Amino acid sequence: MSAEFTMRRISPDVYDRMMCGEPPFPYRYVAESGQVAKRWEITALILANGNQADPGPAVAILGGRRVPGEPDDHGATRAFSAAEVVTVAQALEKFSEDEFQRRFEGLDFTGVLGAASDGRPAHDIDIYFDCLHHLRAFYGAAARAGNAMMLWCT
């Protein structure tokens, strides 16, 4: 798995060009965030409740359509249309902090990037709450502005 997670808010026009197979760079982007960074895998596992087949709000990290020409793995550049961004933002807003905490306390993180040898996250829950809050804010701003998004791990 990759160590760094990055999100960019992009215009619907850039999204359309990317999804038609044009290379994504040097297109301009509206905003960029690497704040979730190395905490992406634990945050995604919490949001998915350990269920990769039906990740729920973890699509904010794990989802999106693979951009044509990108490899078919977690490091590939993926993108959400503006309409999909609205759906993801709503899912993140509906997800309760109590449920986030319950999952944090109950899941086994063995083998996950950022977990200690005992299967617990290397950081306390406040670090991952920060990730949840940042995802909500970034997707919410993109949804309100009518932006699409691209994401990738490096």
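In what order do the five strands of the open sheet lie? The legends below start from that sheet in a predicted model.

**Figure 1. The open sheet, strand by strand.** Five strands make up the sheet, ordered β2-β1-β5-β4-β3. Their pairing is antiparallel. β2 (31-33) and β3 (65-66) are the edge strands, and each of them pairs on one side only. Six bridges connect β1 (residues 5-10) with β5 (residues 148-153). Three bridges connect β1 with β2. Three bridges also hold β4 and β5 together.

**Figure 2. Strand β1 between its two partners.** β1 runs antiparallel to β5, and β1 is also antiparallel to β2. Three residue pairs mark the register. Ile10 sits opposite Ala148 of β5. Met7 has Leu151 of β5 as its bridge partner. On the β2 side, Arg8 is the bridge partner of Glu32. β1 is mostly covered, with six of its six residues buried. Phe5, Met7 and Arg9 point one way from the strand. Thr6, Arg8 and Ile10 point the other way. Both sets are buried.

**Figure 3. Strand β5, covered on both faces.** β5 is mostly covered too: six of its six residues are buried. Ala148, Met150 and Trp152 occupy one side. Met149, Leu151 and Cys153 occupy the other. Both faces are covered. Towards β4, Phe80 finds its bridge partner in Met149 of β5. That pair belongs to an antiparallel pairing of β4 with β5. Towards β1, Leu151 is bridged to Met7, and Ala148 stands opposite Ile10.

**Figure 4. Helix α4 across the sheet.** Helix α4 (residues 82-94) lies across three strands: β3, β4 (78-80) and β5. The helix runs at about 85 degrees to β4. A salt bridge joins the side chains of Glu84 and Arg65, at 2.7 Å from N to O. This pair links distant parts of the chain, with Glu84 in helix α4 and Arg65 in strand β3, 19 residues apart. Glu84 is partly exposed, at 22% relative accessibility. Arg65 is also partly exposed, with a relative accessible area of 43%.

**Figure 5. The surroundings of Thr77.** Thr77 lies in the loop between β3 and β4. Is this residue, Thr77, buried or exposed? Thr77 has a relative accessible area of 7%, so it counts as buried; the cut-off for that class is under 20%. Leaving aside residues up to four places away in sequence, Thr77 touches Met18, Arg65, Arg66, Val67, Glu70, Met150, Leu151 and Trp152. Two of these names return from the face lists of β5: Met150 and Trp152 share one side of that strand. Leu151 belongs to the other side.

**Figure 6. A salt bridge ahead of β1.** The structure holds seven salt bridges. One of them joins Lys38 to Glu4, with the closest N and O atoms 3.9 Å apart. The pair links distant parts of the chain. Lys38 belongs to the loop between β2 and α2 (40-48), while Glu4 is in the segment before β1. They are 34 residues apart. Glu4 is partly exposed, with 28% relative accessible area.

**Figure 7. A charged network in helix α5.** Glu99, Arg102 and Arg103 are linked in a network of salt bridges. Within it, Arg103 pairs with Glu99, and their closest N and O atoms are 2.8 Å apart. Why are Arg103 and Glu99 separated by about one helical turn? Because they are four residues apart in helix α5 (residues 97-106). An α-helix has 3.6 residues a turn, so residues three or four places apart point the same way. Arg103 is buried, at a relative accessible area of 13%.

**Figure 8. Helix α6 from end to end.** Helix α6 (residues 125-145) contains 21 residues. The helix reaches 30 Å from its first C-alpha to its last, close to the 30 Å expected at 1.5 Å a residue. Its buried residues include the aromatics Tyr128, Phe129, Phe138 and Tyr139. Also buried are Ile125, Cys131, Leu132, His134, Leu135, Arg136, Gly140 and Ala142. Gly146 follows the helix. The phi of Gly146 is positive, near 75 degrees.

Terms used:
Residues numbered from 1 in each chain as written. Predicted model: local features only at pLDDT ≥ 70, side-chain atom pairs only at ≥ 80, totals over all residues. Heavy atoms only, no water. Helix = DSSP H or I, 4+ residues; strand = E, 2+ residues; numbered from the N terminus. Expected span 1.5 Å × (residues − 1). Buried < 20%, exposed > 50% of the residue type's maximum accessible area, 1.4 Å probe, protein only. Pairing = 2+ DSSP bridges. Contact = heavy atoms within 4.5 Å. Axes fitted to C-alpha atoms, helices over the stretch in contact; angles between N-to-C directions. Salt bridge = Lys/Arg side-chain N within 4 Å of Asp/Glu carboxyl O.
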